[in-house]
Structure formats: C-alpha cells, structure tokens
Amino acid sequence: MAKAIHLGAWFLTGCIASSFVAWLGAIHPALFRVMWVVYIVSTSALALGLLTDDAARQFLKLSEPDYYALLIAIAFSILLGGVMTWLIGG
C-alpha cells in the first residue's frame with residue numbers, strides 16, 4: 001500500500017510539473033518554445049526508456065511492473081500537460 005501511495009505521489013508531482021510548464025508557456029510567448037523543448041525532451045526520454053527497457057530497468061534497480069508503471073505515469077503526465085496547453089489556448 002505504501003508503494004502505491006509513493007508512486008501516486010510521484011505521478012501527481014509529474015502532473016503538477018507538466019501543468020506548470022504548460023502554464024508558463026501560455027503566459028509568455030518567449031516561454032512557449034521552452035515549453036515545447038521540455039515536452040520534446042521528456043517524450044524523447046520516454047521513448048528511449050521504452051526502447052532500452054531491460055538495460056534501464058536494471059540500471060534503476062526496479063522490478064518490471066514498477067518500471068512500466070513509472071513509464072505509464074510519465075506518459076500520462078506529459079499527456080495531461082499537453083491537454084492543459086490546449087485548454088489554456090497555447
């Protein structure tokens with residue numbers, strides 16, 4: 001149970017960070033490009049994590065379900081930040 005709460009807290013932290021980056025990108029035109037760079041780097045890191053799952057999982061010393069739960073949480077955080085950007089009107 002404690003592990004689920006811990007992973008849930010990290011997911012919410014990722015959602016908050018992604019929404020904050022989207023909000024900053026919507027506030028100022030100069031930060032709009034920075035926002036897209038952050039999302040592109042995050043998506044690239046996620047794709048790299050999916051491609052090198054066995055090596056990355058052993059390096060991070062995570063079990064297989066925890067590793068894929070982490071990747072799913074990162075993907076949903078990125079998705080929610082993109083939706084937030086769209087809703088704000090960026």
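Good morning. I begin with Lys 61, which sits in the loop between α3 and α4. The structure before you is a predicted model, and this residue is a convenient place to enter it. Lys 61 has a relative accessible area of 73%, and it therefore counts as exposed, since the cut-off for that class is over 50%. Its backbone also deserves attention: the phi angle of Lys 61 is near 55 degrees, a positive value in a residue that is not glycine. For comparison, most residues other than glycine have a negative phi.

Let me now step back to the whole chain. How many helices and how many strands does the protein have? There are four helices and zero strands. Read from the N terminus, the order of elements is α-α-α-α. Along the principal axes, the C-alpha atoms occupy a box of roughly 40 × 30 × 15 Å. The protein has 90 residues, and 21% of them count as buried.

I turn next to the largest pocket. Its volume is about 440 Å³. Helices α1 (2–27), α2 (29–51), α3 (53–60) and α4 each give two or more residues to the lining of this pocket. Which element gives the most to that lining? The answer is α4, with eight residues. In total, 25 residues line the largest pocket, and those nearest its centre are Leu 70, Ala 73, Ile 74, Ser 77 and Ile 78. What is the chemical character of the lining? It divides into 19 nonpolar residues, six polar residues and no charged residues.

One of the residues nearest the centre of the pocket, Ser 77, merits a closer look. Ser 77 belongs to helix α4. Is Ser 77 buried or exposed? Its relative accessible area is 8%, and because buried means under 20%, Ser 77 is buried. Ser 77 and Ser 19 are 58 residues apart along the chain, while their C-alpha atoms are separated by 8.4 Å.

Two residues of helix α1 may be set beside this. The first I shall take is Gly 25, which has its place in helix α1. With a relative accessibility of 4%, Gly 25 counts as buried. Its C-alpha atom is separated by 5.3 Å from that of Met 35, and the two residues are 10 apart along the chain. Leu 7 also lies in helix α1. Leu 7 has a relative accessible area of 30%, so it falls between the cut-offs of 20% and 50% and is described as partly exposed. Between the C-alpha atoms of Leu 7 and Leu 62 the separation is 13 Å, and these residues are 55 apart along the chain.

Finally, I would draw your attention to the surface. Which residues form a nonpolar patch there? They are Ile 72, Phe 76, Leu 79, Val 83, Trp 86 and Leu 87, and together they have about 680 Å² of accessible area. Of these, Leu 79 is located in helix α4, which spans residues 64–88.

To close, I return to helix α4. This helix holds the buried residue Ser 77, and Leu 79 of the nonpolar surface patch lies in it as well. It is also the element that gives the most residues to the lining of the largest pocket. Thank you for your attention.

Conventions. Residues numbered from 1 in each chain as written. Predicted model: local features only at pLDDT ≥ 70, side-chain atom pairs only at ≥ 80, totals over all residues. Heavy atoms only, no water. Patch = residues over 30% accessible without salt bridge, like charges linked within 9 Å, V, L, I, M, F, W, Y side chains within 5 Å. Areas by Shrake-Rupley, 256 points an atom, 1.4 Å probe, with all protein chains shown as cover. Salt bridge = Lys/Arg side-chain N within 4 Å of Asp/Glu carboxyl O. 1 Å grid on protein atoms, 1.4 Å probe; cavity = no way out; pocket = protein on both sides within 12 Å on 5 of 7 lines; lining within 4 Å. Points joined across faces, edges and corners; volume = space filled by probe spheres on them. Nonpolar A, V, L, I, M, F, W, Y, C, P; charged D, E, K, R; others polar. Buried < 20%, exposed > 50% of the residue type's maximum accessible area, 1.4 Å probe, protein only.
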